[in-house]
Every structure is written in C-alpha cells, then in structure tokens.
Amino acid sequence: MVRTKIKSALSASQPGETIKVCGWVRTRRDSKSGFSFVELNDGSCMANLQIVIDQNVSDYESTIKDVTTGASITVSGKVNESPGQKQRVELHAESFQLYGTADSESYPLQKKRHSFEFLRDIAHLRPRTNTFGAITRVRNEVAAAIHRFFQTREFLYIQTPIITTSDCEGAGEMFQVTTLNLEHLAQIQTKIDFSQDFFGKPASLTVSGQLEAEIFATSVGECYTFGPTFRAENSNTSRHLAEFWMVEPEMPFYDLNDNMALAESFVRTVIGDVLENCSEDMEFFNQRIDKTTLETLRNITENEFIRVPYTEAIEIVKSSGKKFDFPIDWGSDMQSEHERFLTEEHFKQPVIVYNYPRTIKPFYMRCNDDDKTVCAMDVLVPGVGEIIGGSQREERYDVLIDRMKEGKLNPDDYWWYTDLRKYGTVPHSGFGLGFERLIQLITSMTNIRDCIPFPRTPKNAEF
Ligand code: 4AD
Ligand code: MG
C-alpha cells in the first residue's frame, strides 16, 4: 500500500478508509485496558496523527514497550472519526511495524521544551522538533514564493560562480580557496603565497553574484540568482552568518525608483504567499515565538513602505534624543540599533533608506549629481533591520573607473565588468535579499542561526 502523508491523512482521509502511515513517535500513552495511543509525526505538517493500537494487533504485547519517543514505525489501519475535539480523524491500527527503536535514556529530544542553544548542538535531530519542522516548511515555501515572484514576471533564473576572483563588496571579507595541500607544505616547510593558490591564481568564495548577474541583465534582460554566498567577517551577532543564501535580481533599464518599487513588491508578495500557504506553521510562530508575528507581517503586506533619504534618516535618529551604543553622524554607516529604531520605534513600518554617502558604499553604485551620495537603497524591517541592500549601478565607464581607483581596486582585474560599460551600456539596477534574514522576519526567530539548517559562524561549522 502506498504511504499516506500525515498532512493529507488529517485533511483528506475519510472514515472507513484503510491507509498506511509512517513516521517518528512523539509520545505514547498506555491505557489500563490493553491499548495504547501513539502520537505520530512525519514532518509533513505540525500536527501529529493519533493512532490507537490495541492488544489484538499482532506483536502488541512484545513490541509496544519499544514504541517510545523518537522510534520509527509504520502503521496500517482504518481511519475513524476522532472522538476528541483536536482532530477530525484518528487511525485504528490493524498492523504495525517498528523500524528503529530510540533508547529513551539517551535520545536527546525528550518531551520537555529544549533551548535553541541546546538544539543548535544537535543540528542532526532538531528538524524533528515542532519549531524546526515549521521553519523547514516555511523556508521551503519562501523559496518557492521567491521563484514564483520572479518567474511570473519573466525574470530568468541564472547561476553565478561560487569560486571567483572578484570582491564585489570590496570589503576584503572573502574566504580564500586553495588547491594546495597545506599539511604537505608544512611538512616540507615551504613558504606559502596565499594570494596565488587556486591553480596558481588567487581565488575566493563569492560574497555576491551581482557582478556576474549584471552580465546577464545587460544581455538577456531581467534575471535573478538564488544561491549561497560567503562572508569571512568575524561577527558574532544574531543576524550574521559566514555562509548565507542570497537572492539577487538584476534589471536593465531600471532606475533607483524602479528598483525600490520592485524590492517592496517582492517582500510584500512573498510574505503574503507564506501567510496564505503556511497558515498552521505561522499560527505556531505567533503563539510560541512572538505574539506580534502575524500582526507585523499583515501590516507589511497591507501598507506601503516608508522611503527616506539617508540624510533625513540620520537627522531623525540624531534628533530622537535616544541613547545609542554607537553615535551616528552624516557619513557613518547605520548600525543595527539605528536601523531598528527607525523601523520599530519611529515609523513602526518597513523603511527604505536611499542615497547613502558614497564613501561608505561599494564602487559599483551610481554617483548622484551632488557628488556626495550614491543611488543606494537598503530595506529595513522591524525585528531584523536590513534585509535588502541594493542600488542603481554606475553605467558610465569613466566614472566607474574613477570609483574603482578610489576604492583601491585595479580596473584591469575587472576588465570584463568595465567592458559592459564600453559596449552598449545601459542604466540598470538590482538588489540582494538575505534569505535567512527574511526567514528571521517571517518566523520571529531571534537568532539567524536557527533560520538555516546548518549554521556556519565563527563558532559553528561541525556538521
Ligand atoms: O548589503 P549586501 O552586502 O549587498 C550585496 O552583497 C549586493 N552585492 C547585493 C546586490 O545588490 N545584488 O548584502 C545583501 C543582503 C543584506 O541586506 C543582508 O540581508 C544579507 O545580504 N547579508 C547577510 N545575511 C546573513 N549574514 C551575513 N553575514 C550577511 N551579510 C549580508
Ligand atoms: Mg548592506
């Protein structure tokens, strides 16, 4: 018999039907009169299916004691209307088989609630918990919604390299890639030139697929990447990962305003899709993680984002009278505390800050006529701060070369990038969304390490 997933058993199976389900036992309760209730979960949804196994089922007496939390079983039986309020149906076992036991002394996931810190150390088992099952399903829906958003707007999904020689953000936060056998070299005591070690050339893990995406935007039109990116920044914060996923759309003939409009519509549409398609899991986050989750997300889908120029944003922060850990002045980068003040306390809504000082932004952003600012934009949201960074790109060859030199980059290393300005250059724009930061916003999880299956941080790279 084909296995029925618990999600569809609970929503669609009819009383009288015979079905087979498989999964991991959450709890077992034995009655005195010779039968047991088993709560079974298979990860397809938050809810467990209640299974009644009585002593007439063969092997009941010999096996039931091993059907403990964490054990894996398969059960065939009849669907019955459930006498309880909680669920529509339950399953009366006609036969069951124990696949694997889980020793209750040593099984790390006991019935009690575990801290997220503890669960991070057992990343191989945490998807079996309610919270991480829900995060996994929501992450899947967010990814699907992102592809739907771009595919329905005829953006092409493109793949950019992981190993690269260009430092898109110019921040020097790249992980070096090496083909050298370091152990061997240490043994023969050879001096290593780390700047020349990918088959004799320097190479790193990408911090962004943007520069390569620009190649495709200026040839096949609107496109987007969705892949892993890497930052060797030693930031032990609740919103930084060394390895995270980024979504980077790039659009020809878009100016900064078009870019901001797309970013806003993107965030609002994706969140709307998740609210609609993951209602059970979203209800869980609202009840268990943060009681304002649904209200915040509905507010985002229903209201337009605020747009403020950087200069005005700094004025608002400075004149608030609020004490911040980091003082701020025109020309300095906003810290997360300032971003969160703007979106959580001042506007109480997502904010797009644009036209940042050129001195704090990368070389590729288009210079404004004031000579002081660039066509940059950051989308800030409550609870997280920056989730999107983007800009209109510098399409003027001479200005771009000057900006590269200003940033101590050698234009010759980016000859292919500057070629795009030599041959048929066009105004174009794009942005990058931190996928895990969006998951953080949607689930209200306070630590970004809980928004990716296997977090890579300075402290954590075990699995
Ligand atoms: O603002 P960033 O650095 O922008 C870029 O990389 C551009 N090249 C994107 C583009 O225009 N195509 O990064 C974009 C977003 C940030 O807004 C943030 O959400 C996320 O990526 N991000 C991180 N997420 C987790 N951990 C980190 N260490 C992150 N660094 C950036
Ligand atoms: Mg940024």
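1. How many residue pairs are in polar contact across the interface of domain 1 and domain 2? The rule finds four such pairs, with both residues at pLDDT 80 or more, where a polar contact is a pair of N or O atoms within 3.5 Å, and within protein one atom must be able to donate a hydrogen and the other to accept it, while residues adjacent in sequence count only if both atoms are side-chain atoms.

2. Please keep in mind that this is a predicted model, in which local features need pLDDT of at least 70 and side-chain atom pairs count only at pLDDT 80 or more, although totals for chains, interfaces and linings use all residues. Residues are numbered from 1 along each chain as its sequence is written, and side-chain values use heavy atoms, with hydrogens and water left out.

3. The domain assignment, which is automatic or taken from a database, gives domain 1 as 6–100 and domain 2 as 126–171 + 207–450. Their C-alpha centres lie 45 Å apart.

4. Between these domains about 650 Å² is buried, and carbon and sulfur atoms give 43% of that area; buried area here is the accessible area (1.4 Å probe) that two parts lose on being put together, summed over both. On the side of domain 1, W24, R26 and M46 lose the most area to domain 2, together 72% of what that side buries.

5. Turning to ligand 1, 25 residues surround this molecule, and the closest are E169, Q210, E233, E248 and E386, a residue being near if one of its heavy atoms lies within 4 Å. An oxygen atom of ligand 1 lies 2.6 Å from a polar side-chain atom of E386, and a backbone N or O atom of I387 is 2.9 Å from an oxygen atom of the ligand.

Notes
Chains are lettered from A and ligands numbered from 1 in the order in which they are written.
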